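Hi,

Here is the structure I said I would pass on. Have a look at it first, and my notes follow underneath.

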Amino acid sequence: MTTYRTGTITIVGRPNVGKSTLLNHLVGQKVSITSKKAQTTRHRITGILTDAQSQFIFVDTPGFQNQHINRLNKAMNRTVTQSMQDVDVVLFVIEAVRFDERDKLVLKLLPTDTDRPVILVINKVDRLADKSRLLPFLEKMSREFAFAAIVPVSAEKGTQLSELMGAIRPYLPESPPLYGEEEVTDRSERFIAAELVREKLFRLMGEEIPYSTSVAIDQFTTEGGLRKIHAAIIVDKANQKAIVIGKNGEKLKEIATQARKDMEKSFGGKVYLEVWVKVKSGWADDARALKSLGYE
């Protein structure tokens, strides 16, 4: 009889290596938001994958940041280091044939004890035009750290993800599942709603809107099968409010419409979503504001 295994796997790496995309493809559903903007992920996000042999409890983390350090960045970096405590496996994600000083900073944080094996995940191999460069890169990385395994993948295409799961499985402890078979995250719908609004904000605004932008859910109620959600986009300066709203409110309407569609898909029901913009100067360095938004 095959022994059932359950364990926690934390996913770490510098910004924009594809950690959230990897998590979403592993669990088969969007539980962590993604965009091209660096450090889109700000919280510890859990994604759960259950199969006949194992339950994988993945923890996505913010990209480790060494620039623009404010209280928000420090809180996020603390999330990264804390996420590597009391886990069974660490996935260190880098980009194919790219290993720079930002990656080396994260490498220095990796656990060296045998109780927490580290698997190197080389992502975005599908974007590598010259595949012959991959093998020398694998050999180079094997000399950088005592990795338990090295697995090249494409999180975006879903390539080699079953091989990655196969590399993780032996390191999970023997244990019954901790979550139900249908559960894919331990985060609440309220939290997911805020994240989906923030994702659309980053995706639709791009470089127009600065990094110091967040989303708060002021109201979340359920009436029958309808979820009524009131969300506030928090910006740092008054001129940013006008940018987010857009001409005749068109930009804000587009953000809300796309976020609502994703919420209905995630929650499996109708959503009434109302979104407005608030100015809260210096919130990313304000301990009280960060605590109210769930960062500290």
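**Helix α4 and its surroundings**

The buried residues of α4 pack against three strands: β4 (89-95), β5 (118-123) and β6. Those residues are Leu134, Phe137 and Met141, on a helix that covers residues 134-142. Looking down the axis of α4, you'll see them fall within an arc of 60°, so they line one face of the helix. That fits the usual geometry: an α-helix has 3.6 residues a turn, so residues three or four places apart point the same way.

**How far to trust it**

Bear in mind that this is a predicted model. The mean pLDDT of the protein is 82, with 79% of residues at 70 or more. Among the elements, strand β6 (residues 149-152) has the highest mean pLDDT, at 97. Helix α2 (residues 71-83) is at the other end, with the lowest mean of 56. Then there is the stretch of residues 37-42, where pLDDT stays under 50. The model still has 40 contacts beyond four places in sequence for that stretch. Where pLDDT is low, the predicted coordinates should not be read in detail.

**The whole chain**

The secondary structure comes to 9 helices and 9 strands. Of the 296 residues in the protein, 53% are buried. If you take the contacts with a separation of 6 or more, 72% of them are between residues 24 or more positions apart. As for the surface, about 14000 Å² is accessible, and carbon and sulfur atoms account for 48% of that.

Cheers

Terms used:
Residues are numbered from 1 along each chain as its sequence is written. This is a predicted model: local features need pLDDT of at least 70, side-chain atom pairs count only at pLDDT 80 or more; totals for chains, interfaces and linings use all residues. Side-chain values use heavy atoms; hydrogens and water are left out. pLDDT is the predictor's confidence in each residue, from 0 to 100. Helices (H or I, at least four residues) and strands (E, at least two) are DSSP runs, numbered from the N terminus. Contact means heavy atoms within 4.5 Å. Buried means under 20% relative accessible area, exposed over 50%, partly exposed in between (1.4 Å probe, protein chains only). Accessible areas come from the Shrake-Rupley method with a 1.4 Å probe; for residues, only the protein chains shown count as cover. The arc is that of the directions from the helix axis to the C-beta atoms.
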